[in-house]
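Reader: Could you walk me through this model and tell me how each label was earned?

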Amino acid sequence: MRWADGFIAVDWGTTNRRAYLVDSDGRQAGEFEDARGVLSLEPADFPAAVAEIRQKLGDKPLLLAGMIGSNRGWKDAPYVPCPASIDDLVAKLVWVGEREAIVPGLSYLGDGRADVMRGEEVQLLGGVAAGLVDSNALVCHPGTHNKWTVLHQARIHSFRTVMTGELFSLLKEHSILSDLLQGTVGDDDVFRNAARHAVFNESLPAELFSVRASVLLGQMKKEDAASHASGLLIGTDVRIGLAVPTGAQVVVMGRPELTRLYAAALGQANREAIELDGEQCFVAGIQEIAKRI
């Protein structure tokens with residue numbers, strides 16, 4: 001087997017999967033995304049789901065990352081403890097077959113808390129490998145579960161997860177605010193003002209209920225409620241992330257629609273941020289892993 005002849009990289013998450021064909025020159029020669037996340041599959045379904053990827057992108061070796069290596073995935077890939085580098089990930093690859101390897105996630109124990117990640121580690125270290133992220137940086141990786149990661153000498157030193165995306169989804173679907181949160185969240189003055197307030201004030205539970213009261217009493221337009229609530233949540237998230245005492249470069253990595261909001265909230269905290277596309281960083285990271293196999 002020659003990884004240099006090309007391979008397929010898969011970012012396989014809880015609710016969706018993204019696969020990329022990387023050719024012998026390191027270029028993306030094809031890709032697809034669908035909703036076949038690990039929770040949509042039973043254990044016996046994974047061989048067929050992997051075969052489906054090859055049917056779409058070619059008969060190549062597979063490097064898989066994300067929740068595919070969890071206890072709900074194809075095969076459990078035990079967490080590598082922090083601090084960790086790309087070489088540490090390569091050393092702990094879990095092979096399912098002769099041509100299928102799963103990248104392990106990372107764990108953190110310290111400061112009286114525990115944390116885990118799967119998939120983000122490839123993007124974070126890929127950004128460093130590609131020269132897009134300083135070897136010493138603070139990286140925000142927004143999503144359902146946002147990660148704040150401290151990079152030190154090109155290794156993931158520590159990280160903290162904040163359930164901001166999931167909290168917004170729960171409020172939108174199952175709370176007294178649900179009818180107010182169906183609108184579009186925009187990077188506007190409403191969002192920025194709420195984010196600034198949350199960055200400098202620790203009153204999130206009370207402020208969230210105030211969204212409803214403000215609309216009822218005519219102090220806020222209903223169409224602004226979603227942006228205001230999102231600003232409160234993301235501003236609180238930023239306050240947690242910036243509690244790390246560092247003057248290092250701040251990077252926001254992920255999907256552009258989310259990095260834009262987090263960069264705006266960081267601006268309200270008087271911190272400039274570089275925005276990076278998570279997909280680009282994932283491919284860079286997985287290529288670095290393939291080079292070392």
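Author: Gladly, and please keep in mind that this is a predicted model. Let's begin with charge pairs: the count comes to 20 salt bridges.

Reader: What makes Asp23 and Arg27 a salt bridge?

Author: The cut-off is 4 Å between a side-chain nitrogen of Lys or Arg and a carboxyl oxygen of Asp or Glu. Asp23 and Arg27 meet at 3.3 Å, N to O, so the pair falls within that limit. As for its surroundings, Arg27 has a relative accessible area of 51%, and since exposed means over 50%, the label "exposed" applies.

Reader: How do you know that Glu52 and Arg36 form a salt bridge, and which parts of the chain do they link?

Author: Their closest N and O atoms are 3.6 Å apart, and the limit is 4 Å, so the pair counts. Glu52 belongs to helix α1 (residues 46–57), while Arg36 sits in the loop between β3 (28–34) and α1; the two are 16 residues apart, and the pair links distant parts of the chain.

Reader: Why is Glu52 called partly exposed?

Author: Its relative accessibility is 22%. Buried would need under 20% and exposed over 50%, so Glu52 takes the label in between. Arg36, with 31%, is partly exposed as well.

Reader: What does the salt bridge of Arg239 tie together?

Author: The partner of Arg239 is Glu202, with the closest N and O atoms 3.7 Å apart. Arg239 lies in helix α7 (residues 225–241) and Glu202 in the loop between α5 (189–200) and α6 (204–216), so this salt bridge ties together parts that are 37 residues apart in sequence. Arg239 is partly exposed at 23% relative accessibility, whereas Glu202 is exposed at 73%.

Reader: Which residues do shared salt-bridge partners join into one network?

Author: That network consists of Arg17, Asp34, Arg36, Glu52 and Lys56.

Reader: Let's move inside. Why is Asn146 called buried?

Author: Asn146 has a relative accessible area of 0%, and buried means under 20%, so the label follows. This residue is found in strand β11 (residues 146–152). Beyond its neighbours within four places in sequence, Asn146 is in contact with Cys140, His141, Arg160, Thr161, Val162, Asp237 and Tyr262.

Reader: What makes the pairing of Asn146 with Asp237 a polar contact?

Author: The side chains are joined at 2.9 Å. The limit for such a pair of N or O atoms is 3.5 Å, so the distance fits.

Reader: Glu120 carries a charged side chain. Is Glu120 buried or exposed, and how do you know?

Author: Glu120 is buried: its relative accessible area is 14%, and the cut-off is under 20%. Glu120 is found in helix α3 (residues 120–129). Setting aside neighbours within four places in sequence, its contacts are His141, His145 and Lys147.

Reader: Which residues touch the most other members of the largest nonpolar core?

Author: They are Leu63, Val103, Leu106, Val133, Ile286 and Ile289, in a core of 38 residues. Helix α9 (residues 278–292) gives the most to this core, with six residues. Leu63 touches residues including Trp3, Phe7, Leu93, Val103, Ile286 and Ile289. Apart from this core lies another, of 19 residues, among them Leu21, Ala49, Leu64 and Val94.

Reader: What makes Met163, Leu167 and Leu170 a patch?

Author: They form a nonpolar patch on the surface, with about 250 Å² of accessible area together. Patch members need over 30% relative accessible area, and Leu167, at 39%, therefore passes that test while being partly exposed. Leu167 is found in helix α4 (residues 164–174).

Reader: What is unusual about the backbone at Asp111, Gln153 and Pro83?

Author: Most residues other than glycine have a negative phi, and most peptide bonds are trans. Asp111 has a positive phi of about 55 degrees, and Gln153 also has a positive phi, near 55 degrees. Asp111 lies in the loop between β8 (106–110) and β9 (113–117), and Gln153 in the loop between β11 and β12 (155–162). Asp111 is exposed at 67%, and Gln153 is exposed at 58%. The peptide bond from Cys82 to Pro83 is cis, with omega near 0 degrees; Pro83 lies in the loop between β5 (80–81) and α2 (86–91).

Key. Residues numbered from 1 in each chain as written. Predicted model: local features only at pLDDT ≥ 70, side-chain atom pairs only at ≥ 80, totals over all residues. Heavy atoms only, no water. Patch = residues over 30% accessible without salt bridge, like charges linked within 9 Å, V, L, I, M, F, W, Y side chains within 5 Å. Areas by Shrake-Rupley, 256 points an atom, 1.4 Å probe, with all protein chains shown as cover. Helix = DSSP H or I, 4+ residues; strand = E, 2+ residues; numbered from the N terminus. Buried < 20%, exposed > 50% of the residue type's maximum accessible area, 1.4 Å probe, protein only. Polar contact = N/O pair within 3.5 Å; in protein donor to acceptor, adjacent residues only side chain to side chain. Contact = heavy atoms within 4.5 Å. Core = buried A, V, L, I, M, F, W, Y, C linked by side-chain atoms within 4.5 Å.
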